[in-house]
Amino acid sequence: MSAVRTTRTVLAAALVAGLTATALAGPALAGTPVKGDHEATRQALRAAVDAGVPGAVAQARDSRGGWTGTAGERGGDDRFRVGSITKTFVATVLLQLQAEGRLDLDDPVEKWLPGVVRGNGHDGRRITVRQLLNHTSGVYSVTSDPGFQEKIFGPGFLEHRYDRWTPRQLVDIAMTHAPDFAPGTGWNYSNTNYVLAGMVIEKVTGRPYGKAVENRIVKPLKLRATSVPGTDVRMPKPSSPAWSTLSADPDAQVHDVSRLSPTIAYAAGEMISDANDLGTFYRALLKGRLLPKAEMKEMTTTVPISPELPGAGYGLGLMKQKLGCGKEIWGHGGGIHGSSSEAQATRDGRHSLAMNFNADWTGDSNSVLEAEFCGATPKR
């Protein structure tokens with residue numbers, strides 16, 4: 001990880017842990033805003049492409065209206081895999097179920113998934129659903145398992161890209177390791193937490209978690225580019241190729257990794273969307289259109305991420321961070337093969353930015369956030 005360590009870097013590791021040994025780094029930023037609507041953001045996208053990202057897209061909305069910018073081979077309405085941004089959708093569904101009295105976030109995981117979280121010190125009787133959502137459960141992340149990394153994120157991906165995984169298989173891999181810490185005593189980003197969260201939704205509703213996401217969020221908000229692909233390996237059109245080196249070496253051969261089995265991610269990061277839909281979702285969420293006030297308060301109650309990131313906190317599938325200019329934004333990042341995404345907004349939902357790079361070895365999405373929300377432009 002490079003010295004330029006940002007909140008985004010911590011969370012973009014979501015599904016690409018082991019895929020790259022370095023943080024996605026980009027140009028340094030200057031603090032002088034450029035005149036003109038979103039011109040700083042436009043320059044940040046171009047700088048990312050100049051740094052080697054094949055294509056970039058961003059869509060912003062503020063008091064002046066909407067704006068879409070592209071650079072390289074990305075189109076403005078391209079769809080892409082959003083990785084861990086999926087987690088905010090999953091957490092929203094669970095908070096809705098709590099509001100309806102169908103579960104309590106302080107229920108032990110064992111109540112809904114008996115016998116699933118067991119082994120090597122893991123104990124679902126001591127872990128709550130809430131601790132899954134804010135990553136304080138201590139449950140080991142399946143994407144940190146060396147064997148899983150080699151098969152899914154390294155060169156082995158080309159052989160195993162279409163393998164189907166069940167959620168229980170993913171959890172069972174995690175259970176072969178010791179917990180990161182006792183429940184509630186620390187914070188560590190674990191994709192297993194959200195695999196389990198998806199399983200809880202299915203137990204409560206009796207249907208695939210993706211159906212709950214579609215019926216409760218996608219359809220009401222008319223998110224026409226958003227889907228939960230399940231076992232479908234294809235990317236819907238329009239889209240551009242997703243590129244990966246499948247290696248920590250940035251000079252390694254680049255591969256088209258657009259087609260893959262979404263089951264490697266499940267509820268931790270399988271969804272597909274576009275910049276427009278992601279902005280619509282986060283604005284609606286932060287404006288209170290998807291959750292009652294009590295549940296929204298719970299979602300935005302954060303725990304510290306790291307002493308190195310004093311302005312950052314993780315809530316329930318939603319994180320806050322403070323940018324260089326002091327502005328606070330809320331949202332989530334997402335990384336998966338050949339795709340690095342951000343969806344962020346101010347707490348009142350009035351100013352949003354959703355973006356994607358179709359590469360996972362280069363580019364700095366944090367520079368785009370700084371450009372849009374702070375007016376900081378890339379230093380040449």
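Me: Glad to look at this predicted model with you. A residue is called exposed when its relative accessible area is over 50%. Does Lys111 count as buried or exposed?

Reply: The cut-off to pass is 50% relative accessible area. Lys111 has 53% relative accessibility, so Lys111 counts as exposed.

Me: Which side chain does Lys111 meet in a salt bridge, and is that partner buried or exposed?

Reply: The partner is Asp107, with N to O at 3.7 Å. Buried means under 20% relative accessible area. Asp107 has a relative accessible area of 10%, so Asp107 is buried.

Me: Nice. How far apart are the closest N and O atoms of Arg125 and Asp123?

Reply: These two belong to a network of salt bridges that also links Glu110 and Arg118. Arg125 is exposed because its relative accessibility is 53%, while Asp123 is buried at 14%. The closest N and O atoms of Arg125 and Asp123 are apart by 2.9 Å.

Me: How many salt bridges does a search of the whole structure find?

Reply: A salt bridge needs a side-chain nitrogen of Lys or Arg within 4 Å of a carboxyl oxygen of Asp or Glu. With the whole structure searched, the number found is 15.

Me: Let's take Arg216 and Glu100, whose side chains meet in a salt bridge. How many residues apart are they along the chain?

Reply: The N to O distance in this salt bridge is 2.8 Å. The pair links distant parts of the chain, with Arg216 in helix α10 and Glu100 in the loop between α3 and α4; they are apart by 116 residues.

Me: And is Arg216 buried or exposed?

Reply: Its partner Glu100 is partly exposed, at 43% relative accessibility. Arg216 has 19%, and the limit for buried is under 20%. Therefore Arg216 counts as buried.

Me: Now the backbone. What is the phi of His135?

Reply: Most residues other than glycine have a negative phi. His135 lies in the loop between α5 and α6, and is buried with a relative accessible area of 0%. Although His135 is not a glycine, its phi is positive, about 60°.

Me: Where is Asn120 placed?

Reply: Asn120 is a residue other than glycine with a positive phi, near 55°. At 49% relative accessibility, Asn120 counts as partly exposed. Its place is in the loop between β5 (118-119) and β6 (122-123).

Me: Which residue does a cis peptide bond join to Lys237?

Reply: Most peptide bonds are trans. Here omega is about 0°. The residue joined to Lys237 lies in the loop between α10 and β7, and is Pro238.

Me: How many of the twelve residues of α11 are buried?

Reply: The helix α11 runs over 275-286, and is mostly covered. Among the buried residues are Ala275, Phe281, Tyr282 and Leu286. The number buried, of twelve, is eleven.

Me: What distance separates the end C-alpha atoms of α11?

Reply: The expected span takes 1.5 Å times one less than the number of residues. For the twelve residues of α11 this should give 16 Å, which agrees with the distance between the end C-alpha atoms, 17 Å.

Me: Which residue after α11 has a positive phi near 85°, and which residues form the positive surface patch?

Reply: The residue with that phi is Gly288. Lys287, in the loop between α11 and α12, is one of the patch residues. The positive surface patch is formed by Arg61, Lys222, Arg224, Lys287 and Arg289.

Methods. Residues are numbered from 1 along each chain as its sequence is written. This is a predicted model: local features need pLDDT of at least 70, side-chain atom pairs count only at pLDDT 80 or more; totals for chains, interfaces and linings use all residues. Side-chain values use heavy atoms; hydrogens and water are left out. Helices (H or I, at least four residues) and strands (E, at least two) are DSSP runs, numbered from the N terminus. Buried means under 20% relative accessible area, exposed over 50%, partly exposed in between (1.4 Å probe, protein chains only). Patches are made of residues with over 30% relative accessible area and no salt bridge: like charges are joined within 9 Å, nonpolar side chains (Val, Leu, Ile, Met, Phe, Trp, Tyr) within 5 Å. Accessible areas come from the Shrake-Rupley method with a 1.4 Å probe; for residues, only the protein chains shown count as cover. Lys and Arg count as positive and Asp and Glu as negative; His and the chain ends are not counted. The place of a charge is taken as NZ of Lys, CZ of Arg, CG of Asp or CD of Glu.
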